[in-house]
Amino acid sequence: MKRILLFLATNLAIMLVLGITASLLGVNQYLTAKGLNLGALLVFAGLMGFGGAFISLWLSKPIAKWSTGARVIAQPSNPTERWLLDTVARQAQKAGIAMPEVAIYEGAPNAFATGATKNASLVAVSTGLLTSMTHDEVEAVLAHEVAHVANGDMVTLTLIQGVVNTFVIFLARVVAYFVDQFLRRDGEERGPGIAFTITSVVCDLLFGLVASIIVAWFSRQREYRADRGAARIMGTPRPMIAALRRLGGLDHADLPKNLAAAGIAGGGVLALFSSHPSCEDRIAALQQA
C-alpha cells in the first residue's frame with residue numbers, strides 16, 4: 001500500500017499535538033480575542049498545516065525503519081541481498097535518481113518506498129514477498145517502488161496533505177469560534193473559552209477524516225502512475241501485471257498505518273479510504289496503456 005497510513009497517522013498525531021500546544025500557549029486566544037480574524041487564522045492554519053505535513057515527511061524514513069523493523073543492507077551477506085542491491089541500483093540509474101537505501105523486513109508479502117527527497121529514499125521489501133514471487137515479479141515490484149521515488153510521490157503527497165491540513169485547521173476553528181460564541185453567556189468575557197478548545201479538537205478529528213478521503217484519492221492515482229513507471233523501467237508491462245496477479249492471490253500483510261500509502265499491496269475495507277486501487281483495476285489500466 002502507499003499512503004491510509006504511518007504518514008497519515010503521524011501527520012494526524014502531529015496536527016493534534018500542534019493544535020493543543022497552540023491552545024495552551026494562547027495562540028488561539030490571540031486569533032479570536034477581538035473577533036474572528038480570518039486573515040490571521042488562515043496564516044496560522046497554513047503554518048500549522050504545512051508544518052505538520054513536512055515534519056511527517058522528514059520523519060518518514062526513520063519511522064518506517066522503526067515501525068517495520070526493516071534492516072538496511074549495508075553489505076550484502078547472501079546472493080539475494082546482492083541481487084536486490086544490484087537490481088535497485090540499475091533501476092535507480094534508469095529512473096535518474098540517486099541509489100536508495102535498500103532494506104528487508106520480516107513479514108507477509110509487501111514492499112514500500114519512502115523518504116524526504118528523491119535522492120534520500122528507502123526501498124524495502126518483505127521476506128514474504130521475496131519467497132512468494134519470481135525474480136521477474138520482485139523486480140517489477142522494486143521498479144514500482146523506484147518509480148514512486150522518481151515521481152516525487154512523497155513530496156507531492158506532503159504538499160496535498162499540507163493543503164488539506166490548512167483547510168481542516170481553518171474550518172475547525174471557524175466552527176469552534178461560532179460554537180463558543182453561541183454557548184457564551186451575556187456579559188461573559190470575550191475570547192475563546194473551553195468550548196472553543198474542545199470543539200476545535202473534535203472538528204480537527206472529524207474534518208481530518210474527510211480530508212483523508214481526498215488524500216487517499218490522490219494516493220490511488222499515484223499507484224496507476226507508478227505501475228506505468230515500472231513498465232517503462234522494465235521495458236514491458238508484463239512483469240508488473242504478473243506481480244499484481246500474484247499479489248491479488250496472496251494473503252498480503254497490512255503495513256503500519258503510517259506506511260499503508262507507501263506499500264505495493266494495498267486496498268482497504270472502505271474504498272473511499274483506500275490508498276490503493278484493486279489489483280484488478282491496476283491490471284486493467286496497464287493492459288490499456
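Trainee: Which residues are linked in a network of salt bridges?
Mentor: Asp 153, Arg 222, Glu 223, Asp 227 and Arg 282 are. A salt bridge here means a side-chain nitrogen of Lys or Arg within 4 Å of a carboxyl oxygen of Asp or Glu.
Trainee: Anything to keep in mind before I go on?
Mentor: Yep, this is a predicted model, so local features need pLDDT of at least 70 and side-chain atom pairs count only at pLDDT 80 or more, while totals for chains, interfaces and linings use all residues. Residues are numbered from 1 along each chain as its sequence is written, and side-chain values use heavy atoms, leaving out hydrogens and water.
Trainee: Back to the network. How far apart are the closest N and O atoms of Arg 282 and Asp 227?
Mentor: They're 2.8 Å apart, in a salt bridge. Arg 282 sits in helix H10 (residues 279–288) and Asp 227 in helix H8 (residues 194–234), so this pair ties together parts 55 residues apart in sequence. Helices (H or I, at least four residues) and strands (E, at least two) are DSSP runs, numbered from the N terminus.
Trainee: Is Arg 282 buried or exposed?
Mentor: Buried, at 1% relative accessibility. Asp 227 also counts as buried, at 1%. The cut-offs: buried is under 20% relative accessible area, exposed is over 50%, and partly exposed is in between (1.4 Å probe, protein chains only).
Trainee: How many salt bridges does the count come to?
Mentor: Eleven. One of them joins the side chains of Lys 61 and Glu 101, at 3.2 Å from N to O. Lys 61 is in helix H3 (residues 38–68) and Glu 101 in strand E2 (residues 101–105), so that pair ties together parts 40 residues apart in sequence. Lys 61 is buried, with 18% relative accessible area, whereas Glu 101 is partly exposed at 27%.
Trainee: And which residue does Asp 86 form a salt bridge with?
Mentor: Arg 82, with the closest N and O atoms 3.3 Å apart. Both lie in helix H4 (residues 79–95), four residues apart, or about one turn of the helix. Asp 86 is partly exposed at 38%, and so is Arg 82 at 39%.
Trainee: New topic: how many helices and strands does the protein chain have?
Mentor: Ten helices and four strands. Along the sequence, the pattern reads α-α-α-β-α-β-β-β-α-α-α-α-α-α.
Trainee: What share of the residues counts as buried?
Mentor: 51% of the 289 residues. The chain's accessible surface (Shrake-Rupley method, 1.4 Å probe; for residues, only the protein chains shown count as cover) comes to about 13,400 Å², with 64% of that belonging to carbon and sulfur atoms.
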